[in-house]
Amino acid sequence: MKKISFIFGLLFALILQVQAQTADEIFDRYYSATGGAELWKGVDSFVINQAFVANAPTDFTQEIKVSVTGQGILKTKTILKRNFIYGANPTEAYFRVPTGSLDKNVVYETKDLSDKDKNNLKREMNDVLLPFINYTKKGYIATYVGLKADNGKPVHQIELSGKDVKYNLFFDATTYLLTKMKTNLASGEEITQEFTTYTKSPYGISYPSASTYFSTIEKRNTKVTTTVTFNDKIEASVFKK
């Protein structure tokens, strides 16, 4: 009985705590838990390296370079030893596709991205690190949904809605780390990511370094390992077509 009373008492305390919560308060607690708001405000550039492993021929790695102030992104996806490159800067958006066989020097064909693909790439540039950074400037609306149970643990759920995307964000009620994110795209695809491990970078910000990924289109459970480097100098020419 004492154990049951303790559990109910804990749940009651959490419910009382939630009544004072707002989306911005949850976001602020996340920033504090991962290094502090000042460090996040100081992020000028970052490089993300990831490996997506589902034990399938389509396993791939990718590198994403982003200049926050320069509004540039270069995304290189490597699959079956071939690099597919997507880039954007304030005036251009393009992709490069490798042509020819693997036993010869790689030649790339460069094309402009369609407006739809350009918008998707620029959304990724602004959201890939954290979708709720500067969310009001991006035209998103953040709504606190409430306290939920996820995998047996209490989490705070926040819905972040934009024109062509909706995120449902789940923050651990104790640590305030982001543990799950569901992304709904205009295409109808839903992507679920669960973040299991956080690693502190030399810069001082902690980020999800191990996660799982599931897309309703690909329908494969994929393990993802991630490393992030903050504020290394990236020349503007990197993002040129």
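Two strands are taken to pair if DSSP finds at least two bridges between them. In the predicted model described here, strand 8 (residues 153-161) and strand 9 run antiparallel and are joined by seven bridges, and within this pairing L160 stands opposite Y167 of strand 9. The connection between strand 8 and strand 9 is a hairpin that passes through three residues.

Strand 9 (residues 165-172) is also paired on to strand 10 (residues 178-185), again through seven bridges and in an antiparallel arrangement. Y167 recurs in this second pairing, where its bridge partner in strand 10 is T183; Y167 is thus placed opposite L160 as well as being bridged to T183. The hairpin of strand 9 and strand 10 has five residues between the strands, and in this hairpin Y176 adopts a positive phi near 65°. With regard to solvent accessibility, seven of the eight residues of strand 9 are buried, so that this strand is largely enclosed by the rest of the structure.

Charged contacts were examined next. Side chains of opposite charge can pair when their charged atoms come close. The structure holds nine salt bridges, three of which are described here, including one between E159 and K166, whose closest N and O atoms are 4.0 Å apart. E159, at 25% relative accessibility, counts as partly exposed, and K166, with a relative accessible area of 33%, is likewise partly exposed; for both assignments the relevant range lies between the limits of under 20% for buried and over 50% for exposed.

A salt bridge is also formed by D150 and K180, with the closest N and O atoms 2.9 Å apart. Because D150 lies in strand 7 (residues 141-150) and K180 in strand 10, this pair ties together parts that are 30 residues apart in sequence. D150 is buried, with a relative accessible area of 16%, and K180 also counts as buried, at 11% relative accessibility.

In a further salt bridge, the side chains of E38 and K41 meet at an N to O distance of 3.7 Å. These two residues are three positions apart in helix 3, and they are therefore separated by about one helical turn. E38 is exposed, its relative accessible area being 60%, and K41 is exposed as well, with a relative accessible area of 64%.

Pocket analysis was then considered. The second largest pocket has a volume of about 540 Å³ and is lined by 22 residues, of which Y31, W40, F132, I133 and N134 lie nearest its centre. The elements that give two or more residues to this lining are helix 2 (23-33), helix 3 (37-41) and helix 4 (115-127). Among the contributors, helix 2 provides the largest share of the lining, namely four residues. By residue class, the lining of the second largest pocket comprises 13 nonpolar, three polar and six charged residues. Helix 3 therefore appears in two of the descriptions given above, as the element that holds both E38 and K41 and as one of the elements that give two or more residues to the lining of the second largest pocket.

Methods. Residues numbered from 1 in each chain as written. Predicted model: local features only at pLDDT ≥ 70, side-chain atom pairs only at ≥ 80, totals over all residues. Heavy atoms only, no water. 1 Å grid on protein atoms, 1.4 Å probe; cavity = no way out; pocket = protein on both sides within 12 Å on 5 of 7 lines; lining within 4 Å. Points joined across faces, edges and corners; volume = space filled by probe spheres on them. Nonpolar A, V, L, I, M, F, W, Y, C, P; charged D, E, K, R; others polar. Buried < 20%, exposed > 50% of the residue type's maximum accessible area, 1.4 Å probe, protein only.
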